[in-house]
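Trainee: Before I use words such as tilted or buried, I would like to see how each is justified.

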Amino acid sequence: MIEQKKGLRMSETNAGAVRAKIAKDRQSSPVLDEEILDWDVPSINSDLPSDTIRVRVRDVEPEPIQDI
Amino acid sequence: MNPNIPFYPWYAVVSGDNLEQGDILVDCPVFSPPELTDPYGPPEVVRTRREVIVMTQSCDLQRDTSSEVLLCGLYRRSVIPKEHKLAKLENLENARKGNMPAFHLLAECDLTGFQRELTVVDFRRVYTLPFKFVLQQANKLHLRLLPPYREHLSQAFARYFMRVGLPIDMPPIRKEA
């Protein structure tokens with residue numbers, strides 16, 4: 001039980017850290033628009049029906065040409 | 001256009017039910033995963049709208065319409081940052097000669113309504129999109145790079161991809177003393 005609680009605390013901490021990093025990342029490439037889309041994902045096995053996933057799509061400016 | 005230079009057309013204006021290698025799409029959405037993903041949140045993708053050129057061979061596009069289409073990113077000369085190597089005329093000329101394998105230059109276009117400046121194809125910016133999605137994007141008037149310039153582009157891409165870095169190159173051959 002204690003281990004489980006520890007595990008939960010760890011994952012919450014990780015989630016916070018990841019979200020903080022993501023927020024910082026977004027500051028460097030500002031989001032122009034955002035929408036939620038349902039995408040059909042074709043099944044690898046053509047006998048099976050395709051699946052649908054809900055994704056968050058973020059629009060950002062294309063980056064400038066990278067130097068060499 | 002300089003009247004002293006012989007003219008051979010680089011581009012045609014086409015509209016879309018037959019996608020071909022060399023088709024230029026000016027506002028094409030491309031998708032990538034974000035650099036950092038939140039494993040606890042909903043799946044996310046990043047969408048950018050950019051200029052791309054179709055790199056898949058035309059015959060492959062006709063043969064298999066269920067496949068993915070390979071695209072490369074385009075950058076017009078005016079959007080190249082001034083600190084970039086290609087901002088220097090000398091390097092741009094090197095790219096024109098094929099001495100900068102990651103880049104390929106496309107000539108200016110003066111077709112009415114489709115004028116565009118010198119454009120750099122960046123072979124390091126590669127995308128794939130489903131055929132039907134690209135066809136939808138091409139379903140409006142757009143420029144198409146014409147032969148033999150599109151084969152020249154394709155060859156330059158192949159050369160970039162297959163290049164080999166030697167650990168120690170043969171020394172330059174100089175005039176004997």
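The conversation below takes up aromatic pairs and burial.

Mentor: This is a predicted model, in which local features need pLDDT of at least 70 and side-chain atom pairs count only at pLDDT 80 or more, while totals for chains, interfaces and linings use all residues. Residues are numbered from 1 along each chain as its sequence is written, chains are lettered from A and ligands numbered from 1 in the order in which they are written, and side-chain values use heavy atoms, with hydrogens and water left out.

Trainee: Why is the pair of B:Phe123 and B:Phe157 called tilted?

Mentor: Rings of Phe, Tyr and Trp (its six-membered ring) pair if their centres lie within 6.5 Å, and planes under 30 degrees apart count as stacked, over 60 as edge-to-face and the rest as tilted. The ring centres of B:Phe123 and B:Phe157 are 5.2 Å apart and their planes are at 50 degrees, so this pair is tilted. The pair joins distant parts of the chain, with B:Phe123 in strand S6 (residues 119–130) and B:Phe157 in helix H4 (residues 149–162) of chain B, both being DSSP runs (helices H or I, at least four residues; strands E, at least two) numbered from the N terminus.

Trainee: What makes B:Phe123 buried or exposed?

Mentor: Buried means under 20% relative accessible area, exposed over 50% and partly exposed in between (1.4 Å probe, protein chains only). B:Phe123 has 1% relative accessibility and therefore counts as buried, and B:Phe157, at 16%, is buried as well.

Trainee: How do you know how B:Trp10 should be classed?

Mentor: Its relative accessible area is 23%, so B:Trp10 is partly exposed, whereas B:Tyr11, at 7%, counts as buried.
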